[in-house]
Amino acid sequence: MVDILPITGTFERWDDLLALITTAFAPMNGVIDPPSSALRLTPRSLKDKAADEIAYMAVQDGILLGCLFCRLEPPDGLYIGKLAVDPAAQGKGIGRALLARAEALARSEGLKKLRLETRIELAGNHRTFKSWGFEKTADRCHPGYDRVTFIEMAKSLS
């Protein structure tokens, strides 16, 4: 059974968390442009990110299988970022379980929507998020780019 747990101030497995994210995001290397911000993460920056945001981990028998970072977006949203699942554990409902935990958080805070961003090149992710109830809301580009580099998607919680 996979447990979805908060990443709190007592968490110490920053190297393991970084390895999980790096492994999960590796298939994007050379596919997305600009490169993923995950490539710039360090154990220290992850610790800082967890202190600034709300983070969860998926753990089974002590093995870290997934994570999700989120932040409140007043007045009515919760932003979902750095959703990562170990490739060997993908397709087993871990991403959906992490997202369900974020949705429960949003509902407890009285928020009306979840929002995320996904790279334009990652059509498989678009389909997965759509199957989880997200709809495309906007095309966006990173600074310095004159083409769409990512899309925003949102899920209504009403």
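# Briefing: aromatic pairs, helix α3, Leu20 and salt bridges

Phe129 counts as buried, at 11% relative accessibility, where buried means under 20% relative accessible area, exposed over 50% and partly exposed in between, with a 1.4 Å probe and protein chains only. Please keep in mind that this is a predicted model, in which local features need pLDDT of at least 70 and side-chain atom pairs count only at pLDDT 80 or more, while totals for chains, interfaces and linings use all residues. Residues are numbered from 1 along each chain as its sequence is written, and side-chain values use heavy atoms, with hydrogens and water left out.

**Aromatic pairs**

- The whole structure holds 3 aromatic pairs, a pair being rings of Phe, Tyr and Trp (its six-membered ring) whose centres lie within 6.5 Å, with planes under 30 degrees apart called stacked, over 60 edge-to-face and the rest tilted.
- One of these pairs is Phe11 with Trp14, edge-to-face at 4.7 Å centre to centre and 80° between the planes.
- Both partners are buried: Phe11 has a relative accessible area of 7%, and Trp14 has 9%.
- Phe129 and Trp132 also meet edge-to-face, at 5.8 Å centre to centre with 70° between the planes.
- Trp132 is buried, with a relative accessible area of 14%.
- Phe134 joins Phe129 and Trp132 in one aromatic cluster.

**Helix α3**

- Helix α3 covers residues 94-108; helices (H or I, at least four residues) and strands (E, at least two) are DSSP runs numbered from the N terminus.
- With 15 residues at 1.5 Å each, α3 should span 21 Å, and its end C-alpha atoms are indeed 21 Å apart; the expected span is 1.5 Å times one less than the number of residues.
- The buried residues of α3 are Ile94, Gly95, Leu98, Leu99, Ala102, Glu103, Leu105 and Ala106.
- Their cover includes strands β1 (3-6), β2 (54-60), β3 (63-73), β4 (77-85), β5 (113-119) and β7 (150-156).
- After α3 comes Gly110, which has a positive phi, near 75°.

**Leu20**

- Leu20 sits in helix α1 (residues 14-25) and is buried at 5% relative accessibility.
- Leaving aside residues up to four places away in sequence, Leu20 touches Leu64, Leu65, Gly66, Cys67, Ala84, Val85 and Asp86, where contact means heavy atoms within 4.5 Å.
- Between the C-alpha atoms of Leu20 and Ala138 there are 29 Å, with the two residues 118 apart along the chain.

**Salt bridges**

- The count of salt bridges comes to 13, each being a side-chain nitrogen of Lys or Arg within 4 Å of a carboxyl oxygen of Asp or Glu.
- Lys155 and Glu103 form one of them, at 2.8 Å from N to O.
- Because Lys155 lies in strand β7 and Glu103 in helix α3, this pair ties together parts that are 52 residues apart in sequence.
- Lys155 is buried at 16% relative accessibility, and Glu103 is buried at 15%.
- Arg115 and Glu117 are bridged with their closest N and O atoms 3.1 Å apart; Arg115 is buried at 13% relative accessibility, whereas Glu117 is partly exposed at 34%.
- Lys130 and Glu135 also meet in a salt bridge, at 3.2 Å from N to O, with Glu135 partly exposed at 43% and Lys130 partly exposed at 48%.
- Through shared salt-bridge partners, Arg71, Glu73, Arg115, Glu117, Arg140 and Glu152 are joined into one network.
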